[in-house]
Amino acid sequence: LILSYLASALFSLLITVFFIRKFFPLLLKRFNKDIFKKIICLSWSFAGLTIAGIILISLDITMLGFLKSAEIVGNYSIATRIVQGLFLISGMFSGALLPSISRFANNKEQISVIIRKANSFILMMTIPLIFGGILISHKLIPAIFGFQYQQGILSFQILLLVLLPFSLLNILNYLLLSSNLQNKIFKYVMLTLFLNIILNFV
């Protein structure tokens, strides 16, 4: 499975390189060291955020694999799959706000209006999902994954509670990004990562 995933990724890369090969000479001809250095300086924190986010998502299951049984890992993983799908929806909504937030980054009044409306929409969207998910989880989990995963119901109910703060935090992150304060986000994410490891052991 891993080898097939790697092969498909390499195949996609080769196809992409094939179609954009004619742009390489133009890219090298107009290469600007100063712009390149500036992009690297601005993007390292984005790369770090992406890597830290991937680690944060997979850390719990990885630690469970070392500390607990395969059965517990399976029950926990099915709960995280559904919740991560809901995270994706809220992430797409927050990402759609970035152009508006960036456009009015220096207008505190307009930014305040955007954030207030966004938070209201997040509350209106996530609160019914949380309570609805908790109420129907006893039927939802067995219907999707089977009755053998009923022990994952409690994990699913608890993880649903993370949806609201996660969604609100996404908007705050984009607000900081629009103000070029991504370095601060990176520090907080690393702190969260370290705290998550400690709490997982507890």
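Okay, let's start at one residue: T126 sits in helix α5, which covers residues 108-145. Keep in mind that we're looking at a predicted model here.

So, is T126 buried or exposed? With a relative accessible area of 1%, T126 is buried, because the cut-off for buried is under 20%. And what does its side chain do in there? A polar atom of the T126 side chain lies 2.6 Å from the backbone oxygen of I122. Then there are the contacts from further off in sequence. If you skip residues up to four places away, T126 touches L163, L164 and S167.

Right, second residue. Q157 is in helix α6, residues 153-160. Its relative accessibility is 16%, so Q157 counts as buried too, given that cut-off of under 20%.

Have a look at the Q157 side chain on the screen. Which partners does it have? One is the side chain of S137, with a polar contact at 2.8 Å. Another is a backbone atom: the Q157 side chain reaches the oxygen of I134 at 3.3 Å. Again leaving out residues up to four places away in sequence, the residues that Q157 touches are I134, S137 and H138. Now, helix α5 runs over residues 108-145, so if you're hunting for those partners, that's the stretch to click on.

Let's zoom out to the whole chain. How many helices and how many strands are there? Eight helices and zero strands, so reading along the sequence you just get α-α-α-α-α-α-α-α.

What about overall dimensions? The C-alpha trace spans about 60 × 50 × 30 Å along its principal axes. The radius of gyration is 21 Å, whereas a compact globule of 202 residues would come out near 17 Å. As for burial, 27% of the 202 residues count as buried, and we've already met two of them, T126 and Q157.

Contacts next. Take the ones between residues at least 6 apart in sequence: 75% of them join residues at least 24 apart.

Last bit, the surface and the charges. The accessible surface comes to about 14,400 Å², and 72% of that belongs to carbon and sulfur atoms. On charges, the chain has 16 positive and 4 negative, and their mean positions are 12 Å apart.

That's my tour, happy to go back to either residue.

Methods. Residues numbered from 1 in each chain as written. Predicted model: local features only at pLDDT ≥ 70, side-chain atom pairs only at ≥ 80, totals over all residues. Heavy atoms only, no water. Helix = DSSP H or I, 4+ residues; strand = E, 2+ residues; numbered from the N terminus. Buried < 20%, exposed > 50% of the residue type's maximum accessible area, 1.4 Å probe, protein only. Polar contact = N/O pair within 3.5 Å; in protein donor to acceptor, adjacent residues only side chain to side chain. Contact = heavy atoms within 4.5 Å. Rg over C-alpha atoms; globule rule 2.2 N^0.38 Å. Areas by Shrake-Rupley, 256 points an atom, 1.4 Å probe, with all protein chains shown as cover. Lys, Arg positive; Asp, Glu negative; His and termini not counted. Charge placed at Lys NZ, Arg CZ, Asp CG, Glu CD.
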